[in-house]
Amino acid sequence: MLNPDSPIPLYHQICEQLQSRIREGVYPPGHMIPSETELAKSYGVGRPTVRQAMDILVQRGLIQRRRGSGTFVKEPSPQIDLFSLAGTSQAFSTKGVPTQKRVILPLNKQTVTGDVENPFHGKAAFAMSRLTVARDEPVLLEDIFLDPDLFAGIEHMALGDNSLSRVVSERFYLAPSDGTQQFQVEPLNEQRASILNLGTSYLFVNRN
């Protein structure tokens with residue numbers, strides 16, 4: 001079942017096999033995964049190797065450990081298209097997930113500096129930071145930049161918990177028809193990690 005000659009570590013091979021069984025429904029949501037002892041015997045490896053594989057599955061959100069009961073397959077989380085042109089609120093709404101928005105940095109006009117990848121770098125722009133919370137968990141931290149000429153007057157509008165795409169549509173009569181997105185990984189500072197309840201040191205950034 002495992003290939004000891006493969007450059008892929010044994011624990012990773014076990015992880016991938018267990019993940020495939022979960023994805024294929026062999027282990028459906030709510031199903032109890034065999035114990036580490038049973039899996040170690042089945043794969044012919046030590047328990048620490050199996051534990052490493054299970055730790056990865058926990059990190060991926062596929063299984064959960066219940067003290068005194070065992071390890072079970074988690075119910076799949078709703079798949080949300082956060083970067084839909086219709087906006088993040090609409091993306092959650094279509095999946096029946098209610099959200100709240102919290103303003104981290106209020107909208108203000110500023111000259112954008114320090115990020116040469118930002119299309120407004122060296123120019124004036126309206127900027128704000130906003131956190132989206134779903135089911136009491138922070139799910140999205142947005143840094144929003146808007147053209148000050150195209151969106152003149154938007155600084156006087158309430159954007160806190162409103163859909164930005166709706167405001168743009170209803171107040172400025174604009175609707176996105178297409179767009180390009182760029183992604184990169186950036187260091188996550190302590191303040192942002194705290195806002196997102198994360199201990200990791202990197203942030204996945206979407207640039208529209």
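A nonpolar core is a set of buried Ala, Val, Leu, Ile, Met, Phe, Trp, Tyr and Cys residues joined through side-chain atoms within 4.5 Å. In this structure, which is a predicted model, the largest such core has 19 residues, and among these Ile14, Leu18 and Met54 touch the most other members. The elements that contribute two or more residues to this core are α1 (10-23), α2 (36-43) and α3 (47-59), with α3 supplying the largest share, five residues.

Ile14 gives a closer view of how this region is put together: once its neighbours within four places in sequence are set aside, Ile14 is in contact with Leu2, Tyr43, Val45, Thr49, Val50 and Ala53. A second, separate core of twelve residues is also present, and its members include Phe126, Met128, Leu146 and Phe172. In soluble globular proteins, nonpolar side chains tend to be buried together.

**Strands β4, β5 and β6**

Strand β5 covers residues 124-134, and because ten of its eleven residues are buried, this strand is largely enclosed by the rest of the structure. On one hand β5 pairs with strand β4 (residues 99-111) in the antiparallel sense over ten bridges, and Gln110 stands opposite Ala125 of β5 in the model. On the other hand β5 is joined by nine bridges to strand β6 (residues 137-146), again in an antiparallel arrangement, where Ser129 stands opposite Asp143 of β6. The hairpin formed by β5 and β6 has two residues between the strands, and in this hairpin Arg135 takes a positive phi near 55°.

Within strand β6 one finds Pro138, which has a relative accessible area of 17% and, because buried means under 20%, counts as buried. Leaving aside its neighbours within four places in sequence, Pro138 is in contact with Leu131, Thr132, Val133, Ile195, Leu196 and Asn197. The C-alpha atoms of Pro138 and Lys101 are separated by 9.5 Å, although these two residues are 37 residues apart along the chain.

**Salt bridges**

Side chains of opposite charge can pair when their charged atoms come close. The model contains six salt bridges, and the table gives some of them with the distance between the N and O atoms.

| Salt bridge | N to O distance |
|---|---|
| Arg60 and Glu16 | 3.2 Å |
| Arg51 and Glu36 | 3.2 Å |
| Arg65 and Asp55 | 2.8 Å |

In the pair of Arg60 and Glu16, Arg60 lies in the loop between α3 and β2 (63-66) while Glu16 belongs to helix α1, so this salt bridge ties together parts that are 44 residues apart in sequence. Arg60 is partly exposed, with a relative accessible area of 38%, and Glu16 is likewise partly exposed, at 30%.

The salt bridge of Arg51 and Glu36 links distant parts of the chain, with Arg51 in helix α3 and Glu36 in helix α2, 15 residues apart. Arg51 is partly exposed, with a relative accessible area of 33%, whereas Glu36 is buried, with a value of 15%. These two residues also belong to a network of salt bridges that links Glu36, Arg47 and Arg51.

The salt bridge of Arg65 and Asp55 links distant parts of the chain as well, since Arg65 is in strand β2 and Asp55 in helix α3, ten residues apart. Arg65 counts as partly exposed at 41% relative accessibility, and Asp55 is also partly exposed, with a relative accessible area of 31%.

Methods:
Residues numbered from 1 in each chain as written. Predicted model: local features only at pLDDT ≥ 70, side-chain atom pairs only at ≥ 80, totals over all residues. Heavy atoms only, no water. Buried < 20%, exposed > 50% of the residue type's maximum accessible area, 1.4 Å probe, protein only. Helix = DSSP H or I, 4+ residues; strand = E, 2+ residues; numbered from the N terminus. Contact = heavy atoms within 4.5 Å. Pairing = 2+ DSSP bridges. Salt bridge = Lys/Arg side-chain N within 4 Å of Asp/Glu carboxyl O.
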